[in-house]
Amino acid sequence: QVQLVESGGGLVQAGGSLRLSCAASGRTFSSYGMGWFRQAPGKEREFLARIKWTGGNTYYADSVKGRFTISRDNAENTVYLQMNSLKPEDTAVYYCASTSNGAVYEYWGQGTQVTVSS
């Protein structure tokens, strides 16, 4: 089992920035990497970014490429999502998730709300 706890969400004006954190605990050694997702009201969950624990390779969805940056601190078992130039359409609940193979995400955090005002 892997436990994930997100933090850092909140209310920000358009053009502002937020940094989300995701602290992982439990069987983190079995994890290939971590991903960030979001879900806005009435919409499907959307993949945002992924990072490998080993090597730090990253992959981004086109919708956030250039604005969002995923990073990790292996010593702290923590993954971050730096979000810049936020837009009202970025408003959603943001989730981190753990993957053992880079494709399927087995464990999920509880989510943190991000609201961007215009």
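A residue counts as exposed when its relative accessible area is over 50%, as buried when that area is under 20%, and as partly exposed in between. These classes are used in the legends below, all of which show a predicted model.

**Figure 1. Salt bridge between D62 and K65.** The side chains of D62 and K65 meet with an N to O distance of 3.1 Å. D62 has a relative accessibility of 66%, which is over 50%, and therefore counts as exposed. The structure holds four salt bridges, and the pair of D62 and K65 is one of them.

**Figure 2. Salt-bridge network around R38.** R38 is buried, at 8% relative accessible area. One salt bridge of R38 leads to D90, with the closest N and O atoms 2.8 Å apart. This pair links distant parts of the chain, since R38 lies in strand β4 and D90 in the loop between β8 and β9 (92–99), 52 residues apart. D90 is buried as well, with a relative accessible area of 1%. Through shared partners, salt bridges join R38, E46, R67 and D90 into one network. Within this network, the side chain of R38 also meets that of E46, at 2.8 Å from N to O. E46 has 27% relative accessibility and so counts as partly exposed.

**Figure 3. Open sheet of four strands in the order β1-β3-β8-β7.** The pairing in this sheet is antiparallel. The edges are formed by β1 (2–7) and β7, each with a single partner strand, so that one side of each lacks a neighbour in the sheet. From one strand to the next, the twist averages 20 degrees. Strands of a sheet pair through backbone hydrogen bonds, in either a parallel or an antiparallel sense.

**Figure 4. Strand β8 and its two pairings, with β3 and with β7.** Strand β8 (residues 78–83) is mostly covered, with five of its six residues buried. Six bridges join β8 to strand β3 (residues 18–26) in an antiparallel arrangement; in this pairing, M83 of β8 is the bridge partner of L18. Strand β7 (residues 68–73) likewise pairs with β8 in the antiparallel sense over six bridges, and I70 stands opposite L81 in β8. A hairpin is formed by β7 and β8 with four residues between them, and N77 in the turn has a positive phi of about 50 degrees. The charged end of R19 sits over the ring of Y80, 4.1 Å from the ring centre.

**Figure 5. Aromatic cluster of F37, F47, Y59, Y105 and W108.** A search of the whole structure finds five aromatic pairs. In the pair of Y105 and W108, the ring centres are 6.2 Å apart and the planes stand at 55 degrees, so the pair is tilted. Y105 counts as buried, at 13% relative accessibility, whereas W108 counts as partly exposed, at 28%. At F37, a member of the cluster, the charged end of R45 sits over the ring, 6.0 Å from its centre.

**Figure 6. Surroundings of G35 in strand β4 (residues 33–39).** G35 is buried, with a relative accessibility of 0%. Leaving out residues up to four places away in sequence, G35 touches A49, R50, Y95, C96, A97 and Y105. For G35 and L86, which are 51 residues apart in sequence, the C-alpha to C-alpha distance is 19 Å.

Methods: Residues numbered from 1 in each chain as written. Predicted model: local features only at pLDDT ≥ 70, side-chain atom pairs only at ≥ 80, totals over all residues. Heavy atoms only, no water. Buried < 20%, exposed > 50% of the residue type's maximum accessible area, 1.4 Å probe, protein only. Pairing = 2+ DSSP bridges. Phe/Tyr/Trp six-rings, centres within 6.5 Å; stacked < 30°, edge-to-face > 60°. Lys NZ or Arg CZ within 6 Å of the ring centre and 35° of its normal. Contact = heavy atoms within 4.5 Å. Axes fitted to C-alpha atoms, helices over the stretch in contact; angles between N-to-C directions.
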